[in-house]
Structures are given as structure tokens and as C-alpha cells.
Amino acid sequence: MMIRYASYFIAALLPLLLFRWFAPASIGEIDFWLLWLLAMVLVSLPVIYAEIALAYRSVEAPLAGMQKLTREADASPIWRSFGWLAALVSIIIAALIVSGASSGILGALTDLNSAPDVPSFAVAAGLMVIALLLSLVGVAPLAIGLGLMVVGLVLGVANGLPNIDFAMTDISLNEWARAVALALVSVGAGTGLYWFGQNLITKQTATAVDTDNYNAQTPARSRVTAEYRATKLVLPIWILQLIVGVVALLISGVSLPPIGQLLYWAGVLFVASYLLHYSTQQLAHKFGLLVSLGLTLVLALVLVVSIPTTWLVGILVIISSVAVLLLSIFAGWQMKISHLRKSLNFGNEALYNLWRIAIRLVVPLALLLALIGWVMQWIS
């Protein structure tokens with residue numbers, strides 16, 4: 001049951017986790033949120049469609065699936081780097097939120113006069129080890145993490161919502177860069193998480209059919225194909241992201257009490273464990289489970305201990321943008337038209353043509369403009 005709803009949990013959790021890193025200093029900038037909505041429509045939505053289509057076509061997780069799809073499309077192995085980058089992005093996100101959790105937990109314990117005499121980086125390293133151990137559980141920590149985070153936020157909201165003064169400001173390339181980053185990273189587009197979630201469902205369905213003697217008489221893939229439409233999977237995820245994004249906007253300035261902070265950051269730790277589970281499963285395709293666990297732990301510890309959070313945000317922006325760019329170009333220009341049309345199974349040919357224009361032209365152009373905006377911001 002948990003596997004079936006993993007993608008929805010991720011869609012609800014990532015905005016709550018990552019809005020704080022990409023939202024404007026003045027949360028009331030109406031033009032920024034309009035740009036975010038535009039980026040959600042023009043960039044995130046086509047990319048999520050691409051992930052679901054490639055998941056359905058490959059019937060594999062991202063890393064293994066890209067190997068299969070590049071052979072099928074007779075494309076260069078360079079496109080397989082998306083699988084590696086997607087696994088790396090999930091580790092970076094885990095390091096970023098665990099770093100925030102270490103600071104938040106220490107701050108809450110200080111307010112309770114119970115802070116240990118331990119440096120923040122040591123706490124972050126310990127939390128990362130705990131998250132990796134929790135990752136062995138698989139999907140289950142997602143529901144626990146969401147529950148703890150919601151309880152913590154409710155305790156904060158009970159103290160009252162902050163007043164937000166909405167106003168229009170000047171639109172700039174810098175704002176577009178932050179809007180695209182928020183639309184991509186905080187909803188998980190291009191990370192392969194929705195691809196991975198769909199693959200878990202596919203494997204679960206195949207196992208259930210294989211163990212049933214009666215159902216085994218009818219191939220699972222043929223029955224699913226008759227009912228499958230990518231829109232039935234994509235739109236609920238995308239709409240949930242919009243709703244949670246608005247909620248995250250309204251409560252972004254909420255001050256959590258110490259107990260609320262501890263509950264919230266404990267929930268964050270459970271979510272980080274799923275991100276590490278995802279990356280470990282991807283690397284295990286190449287290195288085996290034990291080696292992939294070691295690689296994930298070492299990389300995560302290096303990121304969380306030695307790199308400041310502001311740098312982690314920059315690294316996340318660059319690598320996730322490159323990953324999404326690879327995915328959009330591969331899906332738009334390398335995959336066969338007939339394969340993607342069948343995988344998306346739109347009820348209207350015009351919708352497929354709109355998606356193809358978006359994934360081929362709009363998404364790459366929007367990403368390049370966003371990267372230019374980020375570079376201009378970093379230089380200034």
C-alpha cells in the first residue's frame with residue numbers, strides 16, 4: 001500500500017522541505033509567485049510527464065532504465081548520465097535537509113536548555129548515519145516523516161499565521177532563476193523520484209500477478225496497457241504540488257515552538273532516509289547493495305560535514321538543472337516518437353504535440369535562462 005502512494009508523499013513533502021531555500025527574502029513578491037506558477041506549467045509539468053513516460057517504457061528504475069532506453073533508441077551512452085545525476089541530486093537534497101535538521105534540533109534543544117556540547121557538524125554526521133540506517137526500511141519512513149512534520153507545523157500554526165504583505169516588484173532574470181529552481185527542485189522534477197516510484201508500483205503489480213495462478217494466465221503488461229494513461233498519474237502529483245506549494249507559502253514565516261521544531265526535524269530525518277534509499281537502490285544496480293550503501297554514506301557525510309549549506313544550494317541548482325536538461329533533450333530528441341506517444345497515451349493528439357514542443361524547446365530554453373540568472377546572481 002505504501003509503495004502505491006510513495007510518489008504522492010514525495011510530492012507533498014518536497015515543497016515543505018525545500019521552499020525555504022529558494023523562496024524570496026520577501027515572501028510577498030507577487031511577481032515571483034506568478035513566475036513560479038508559470039515555471040510549474042511550462043517546465044515541471046512536461047518533465048514529470050517525461051519521467052512517467054520513460055518509466056513506463058523502460059519498466060526499470062532510472063539508472064537501469066536509461067541503459068535500456070539508450071540501447072533501444074540507439075543513442076549515445078552519455079544520456080545514461082541522467083541516472084547517475086539523479087542519484088547524486090537525491091543525496092545532495094538529503095545532505096541539505098539533514099544540515100538544516102542539525103541546526104534546527106540544536107536550536108530547539110538550546111531553547112529547552114538541553115543542548116549538548118557537540119559541534120553542529122558532528123550532529124549532522126550522526127543524523128546522516130541514522131538516516132542511512134532508516135533507509136534500509138524502504139518506503140515506510142515517508143508516511144512517518146510527513147506525519148511528524150505536519151504535527152510540528154500545526155503546533156507552529158497554533159501560535160498564529162504571519163502577516164504577509166503582498167506587492168508587485170520588478171521582474172528580473174534572477175527571479176526567474178529562483179522560480180525555476182523552486183519549480184524543479186522542490187517538486188522533485190528530474191530527480192527520477194517519480195520514475196522510481198512508478199517502477200516500484202510496476203514491480204509490485206508484476207509480483208502480485210505472477211503469484212496468482214489465475215491472473216498469471218493474462219500478461220500483466222497487456223491488461224495495464226489497456227487502462228494506462230500518463231495523465232492519470234501526472235496530474236494528481238502536479239496538482240498536489242501546487243496545493244502544498246501554496247500552503248508552504250502561507251506558513252513559511254511560522255515560528256515553531258521547541259517541541260514543534262523537534263518533531264518537524266525528526267520528520268525531515270525520515271524523509272532524508274527515503275532519499276538515501278532511492279540513491280542506494282540506483283547505485284546498487286551497478287555496485288551491489290553493500291558497496292552502494294558505503295558510497296552513499298561517504299558522499300553524504302562529505303557533503304553534510306564539509307560543505308556549507310549555501311554552497312549545497314548552488315551545487316543542487318547546477319546538478320539538478322543539468323539532469324533535467326539531459327532528460328528533456330533525451331525524451332524530446334532521442335526517443336522515437338512512436339514509443340513516447342504510446343507511453344504517454346494521450347487521449348488527444350494535440351496534447352501530445354504541445355507536450356513535445358514543451359519538452360523539446362520550452363524546457364531547455366527555460367533552464368538555460370535560469371542558469372544564466374543564477375550565474376549573474378552569484379557574480380553580483
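Which residues do ring pairs link into a cluster with F32? Select F32, W33 and W36 to see: ring pairs join these three into one cluster. Keep in mind as you click around that this is a predicted model.

**Stop 1: the ring cluster**

Stay with F32 and W33 for a moment. Their rings make an edge-to-face pair, with 5.0 Å from centre to centre and 85° between the planes. Try turning the view until you look along one of the two rings. Are these residues buried or exposed? F32 has 0% relative accessibility, so it counts as buried. W33 is buried too, because its relative accessible area of 10% falls under the 20% cut-off. If you'd like to hunt for other ring pairs later, a search of the whole structure finds twelve aromatic pairs.

**Stop 2: a pair from distant parts of the chain**

Now select W79 and F330. Their ring centres are 6.3 Å apart and the planes meet at 40°, so this pair is tilted. Colour the chain by residue number and you can see what the pair links: W79 sits in the loop between helix 3 (62–73) and helix 4 (81–111), while F330 belongs to helix 13 (residues 309–334). That puts the two partners 251 residues apart, in distant parts of the chain. Both W79 and F330 are buried.

**Stop 3: an arginine over a ring**

Next, pick W333 and R360. Here R360 lies over the face of W333, at 3.8 Å from the ring centre.

**Stop 4: the nonpolar core**

Time to zoom out. How many residues does the largest nonpolar core have? It has 129. To get a feel for it, select L17, F22, W33, W36, Y274 and W355, the residues with the most contacts inside this core. You've met W33 and W36 already, in the ring cluster with F32. Then show helix 2 (residues 30–58), which gives the most to this core, with 17 residues.

**Stop 5: a pocket**

Last, look for some empty space. Select R20, I251, S252, V254 and Y264: of the 21 residues lining the second largest pocket, these lie nearest its centre. The volume of this pocket is about 470 Å³. Which helix gives the most to the lining? That's helix 1, with five residues. Highlight helix 1 (6–22), helix 4 and helix 11 (258–287) together, since each supplies at least two residues of the lining. Finally, colour the lining by class: you'll find 15 nonpolar, five polar and one charged residues.

Methods
Residues are numbered from 1 along each chain as its sequence is written. This is a predicted model: local features need pLDDT of at least 70, side-chain atom pairs count only at pLDDT 80 or more; totals for chains, interfaces and linings use all residues. Side-chain values use heavy atoms; hydrogens and water are left out. Rings of Phe, Tyr and Trp (its six-membered ring) pair if their centres lie within 6.5 Å; planes under 30 degrees apart count as stacked, over 60 as edge-to-face and the rest as tilted. Buried means under 20% relative accessible area, exposed over 50%, partly exposed in between (1.4 Å probe, protein chains only). Helices (H or I, at least four residues) and strands (E, at least two) are DSSP runs, numbered from the N terminus. A charge sits over a ring if NZ of Lys or CZ of Arg is within 6 Å of the ring centre and within 35 degrees of the ring normal. On a 1 Å grid over the protein atoms alone, a cavity is a set of points where a 1.4 Å probe fits but cannot get out, and a pocket is an open set with protein on both sides within 12 Å along at least five of seven lines; lining residues have an atom within 4 Å of a point. Grid points are joined across faces, edges and corners, and a volume is the space filled by probe spheres set on the points. Ala, Val, Leu, Ile, Met, Phe, Trp, Tyr, Cys and Pro count as nonpolar, Asp, Glu, Lys and Arg as charged, and the others, Gly among them, as polar. A nonpolar core is a set of buried Ala, Val, Leu, Ile, Met, Phe, Trp, Tyr and Cys residues joined through side-chain atoms within 4.5 Å.
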